[in-house]
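Work through the exercises below with the sequence and the 3D structure at hand, trying each task before reading its solution.

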Amino acid sequence: MVNLPQFVSERKKLFLSISVVLVLLLPTLWFGLGHIIAKQAITTPHGCGEWADNTPTNWTSDEDWTNFDSDPDAANRINIRKDFNASEWQFDSFSNVNFTSRDGVRIVGWYTEIDPQAPVVIVVHGAGSYVNGKCKPEVLLMGSLLSDGGFNTLLVDLRNNGYSENVSDFFYLGQKEYYDVLGAYDWLIEERGYLPSSIGLVGLSTGALSAIYALDESDIGAMWLDSAITDFPLVVRNELGRLGYPEFLASPTITMGSRMTGVDITERDALDVASRIGDRNIYLVHGSDDSRISTQHSENFHNIAVNANTNSTLWLIDGGGHIDGIWAHTIDYQNRLLTFFTNSLS
């Protein structure tokens, strides 16, 4: 016959033991998942990979296209790049340059001077789990559109990308990379004699964070952003959804990302910068069907800037995906780009 008091007591002990194990294991599981997701999101491949042979005077938009596998409109996005005639958009010349970021990291770039009296635009590439750098086709096309229109250009490799110095295996979400952009800005002023008001800035995708923070710490004259990240908590939730993880894992992912990089990746807030731009002009481009970075990023930044009386323009491209506009609407894109910087830089 079962001894009821003893049975109840043993059940209580078992329940208590299970509770203790769960209390000990849950934080480990919680932050363990955060570590896995953060590492997947912010690990940065070095070098230029399949684009290692690209230079401003000899580049192609061809690739293995595996980066588009998860996109719902992959076929169309691949075709507008595969069918693009890059031969029409080669630079006439360029110079290899190097300088140091404001925190001492060696940064390399490609500088093209069309006219010593013309303004110059710094072009900042994106980041992610695939190769990025100045060698990437959209960076070279952006530079070519500007160069073809009479602007001088400086295309840069951010730290840990392309052929700039590798100081870690991670992307710092702009919290350190903006020092690299400021290093480019300093080099243009000190070595090439530009005035701050004659220096423009382009930020592509995640590179927008570095561009926005650099603008906030300088007198750069104007900024153009394409498919920009401007809201870090929002992009974490977006990326979790894209990778198939529940959004409640955003907190441990951010915590572990900060631990892995050694910086608080939430220290600077790009949306805060939108209210401090002042009388400088900004232009945001975003595809309405961007599956990587929600249009909310550009829309929120634009709305805050407008409310702060900044001259901000938002071009939402109907049906466009991530950085698709420059490929699908090249001439219209170039006309808008050149008009913006012509009217914005001295």
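Axes here are lines fitted to C-alpha atoms, for helices over the stretch in contact, and angles run from 0 to 180 degrees between N-to-C directions. Helices (H or I, at least four residues) and strands (E, at least two) are DSSP runs, numbered from the N terminus. The model is predicted, so local features need pLDDT of at least 70 and side-chain atom pairs count only at pLDDT 80 or more, while totals for chains, interfaces and linings use all residues. Residues are numbered from 1 along each chain as its sequence is written, and side-chain values use heavy atoms, with hydrogens and water left out.

**Exercise 1. Describe how α4 and α5 pack, and name the residues that meet.**

Two packed helices are described by the angle between their axes and the distance between the axes. For α4 (residues 178-192) and α5 (residues 207-216), the angle is about 60° and the axes are 8 Å apart.

Next, classify the angle: under 35 degrees counts as roughly parallel, over 145 as roughly antiparallel, 65 to 115 as roughly perpendicular and the rest as oblique. The helices α4 and α5 are therefore oblique to each other.

Then list the contacts, where contact means heavy atoms within 4.5 Å: Y178, V181 and L182 in α4 meet S210, Y213 and A214 in α5. Sorted by class (Ala, Val, Leu, Ile, Met, Phe, Trp, Tyr, Cys and Pro count as nonpolar, Asp, Glu, Lys and Arg as charged, and the others, Gly among them, as polar), the contact has five nonpolar, one polar and no charged residues.

**Exercise 2. Decide how far α5 is enclosed, and by which elements.**

Begin with the scale: buried means under 20% relative accessible area, exposed over 50%, and partly exposed in between (1.4 Å probe, protein chains only). In α5, the buried residues are G207, A208, L209, S210, A211, I212, Y213, A214 and L215. Nine of the ten residues of α5 are thus buried, so the helix is largely enclosed by the rest of the structure.

The partners of these buried residues are β3 (120-124), α4, β5, β6 (222-226), α8 (270-273) and α9 (296-307).

For contrast, turn to G193, which lies in the loop between α4 and β5 (199-204). G193 is exposed, with a relative accessible area of 56%.

**Exercise 3. Find salt bridges that link distant parts of the chain, and state how accessible their residues are.**

A salt bridge is a side-chain nitrogen of Lys or Arg within 4 Å of a carboxyl oxygen of Asp or Glu. By this rule the count comes to eleven salt bridges.

One of them joins R102 and D186 (2.8 Å, N to O). R102 sits in the loop between β1 (95-100) and β2 (106-112) and D186 in helix α4, 84 residues apart. R102 is partly exposed at 42% relative accessible area, whereas D186 is buried at 18%.

Another joins the side chains of D103 and R159 (2.6 Å, N to O). D103 belongs to the loop between β1 and β2, and R159 to the loop between β4 (152-156) and α4, 56 residues apart. D103 is partly exposed, with a relative accessible area of 35%, and R159 counts as buried at 2% relative accessibility.

A further pair is K134 and D157 (2.6 Å, N to O). K134 lies in the loop between β3 and α3 (137-148) and D157 in the loop between β4 and α4, so this salt bridge ties together parts that are 23 residues apart in sequence. Both K134 and D157 are buried.

Finally, R77, R81 and D324 are linked in a network of salt bridges.
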